Amino acid sequence: MTSGFALADVPGGTDRPPEERGTLSLNETAVAHVLEGAALGAPGSATRAALLGRGYPKARATVKHGRIWASIDVGVRWPGPTADTARGIARRVREEAARITGLDVAALDLTVHLVDSEDGTERRVK
């Protein structure tokens, strides 16, 4: 026997428009994870395992008045088109955050850490 749940099972479920069904509050930690996931999927981004808390990507977010203020540290493969890659990461993070959370990104501070492709060493540019 299977027991499934559908929105139609809730009183007024699919009969009411989404704006009348209630609200969704997003925890700032959840928003930071959304930002990190978006950065991971951007072309040219590099991941780095956390060593003493310095893994990439690493995001911090504040959500106020339906908007996101965020900073994110990202790894970018070096050598490569660093400026173009950073712009692409920022664009993807903004678009994905808006799509997934439904919130506007008011500010995004991006710190780029250059990661050598061959030996995994790091350089930092802000």
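This is a chat about the core, the salt bridges and a few backbone features of a predicted model.

Student: Let's start inside. Which residues touch the most other members of the largest nonpolar core?

Tutor: Leu35 and Ile68 do. That core has 23 residues.

Student: Which elements give two or more residues to this core?

Tutor: Two helices and three strands are on the list: α1 (28–40), α2 (82–101), β2 (58–64), β3 (67–78) and β4.

Student: Stay with Ile68. What is Ile68 in contact with, leaving aside neighbours within four places in sequence?

Tutor: Val31, Ala61, Thr62 and Val63 are among them. So are Ala97, Thr101 and Leu103. Asp104, Val105, Ala106 and Ala107 complete the set.

Student: Asp104 caught my eye. Which side chain meets Asp104 in a salt bridge?

Tutor: Arg67. The N to O distance is 3.1 Å.

Student: Which parts does that pair tie together?

Tutor: Arg67 lies in strand β3 and Asp104 in strand β4, so the bridge links parts that are 37 residues apart in sequence.

Student: Are those two buried or exposed?

Tutor: Neither label fits. Arg67 is partly exposed, at 35% relative accessible area. Asp104 is also partly exposed, at 42%. Partly exposed is the range between under 20% and over 50%.

Student: Why would such side chains pair at all?

Tutor: Side chains of opposite charge can pair when their charged atoms come close.

Student: How many salt bridges does the count come to?

Tutor: The count is 4.

Student: Take Asp84. What does Asp84 form a salt bridge with?

Tutor: Arg87, with the closest N and O atoms 2.5 Å apart. Both residues lie in helix α2. They sit 3 residues apart, which is about one turn of the helix.

Student: And Glu96, what is its partner?

Tutor: Arg99. Here the closest N and O atoms are 2.8 Å apart. Glu96 and Arg99 are separated by about one helical turn, because they are 3 residues apart in helix α2.

Student: Is Glu96 buried or exposed? And Arg99, buried or exposed?

Tutor: Glu96 counts as buried, because its relative accessibility is 17% and the cut-off for buried is under 20%. Arg99 counts as exposed, at 59%.

Student: Switching to backbone. Which peptide bond into Pro57 is cis?

Tutor: The one from Tyr56 to Pro57, with omega near -5°. Pro57 is in the loop between β1 (45–46) and β2.

Student: What about the bond from Trp78 to Pro79?

Tutor: That peptide bond is cis, with omega near 0°. Pro79 sits in the loop between β3 and α2.

Student: Which residue has a positive phi although it is not a glycine?

Tutor: His65, with phi of about 55°. His65 is in the loop between β2 and β3.

Student: His65, then: buried or exposed?

Tutor: Exposed, with a relative accessible area of 77%.

Student: Another histidine, His113. Where is that one?

Tutor: His113 is in strand β4 (residues 104–116).

Student: Is His113 buried or exposed?

Tutor: Buried, because its relative accessibility is 1%.

Student: Back to Tyr56. How many residues apart in sequence are His113 and Tyr56?

Tutor: They are 57 residues apart in sequence. In space the two are 8.4 Å apart, C-alpha to C-alpha. Tyr56 is the residue that leads into the cis bond to Pro57.

Definitions and conventions
Residues are numbered from 1 along each chain as its sequence is written. This is a predicted model: local features need pLDDT of at least 70, side-chain atom pairs count only at pLDDT 80 or more; totals for chains, interfaces and linings use all residues. Side-chain values use heavy atoms; hydrogens and water are left out. Helices (H or I, at least four residues) and strands (E, at least two) are DSSP runs, numbered from the N terminus. Buried means under 20% relative accessible area, exposed over 50%, partly exposed in between (1.4 Å probe, protein chains only). A nonpolar core is a set of buried Ala, Val, Leu, Ile, Met, Phe, Trp, Tyr and Cys residues joined through side-chain atoms within 4.5 Å. Contact means heavy atoms within 4.5 Å.
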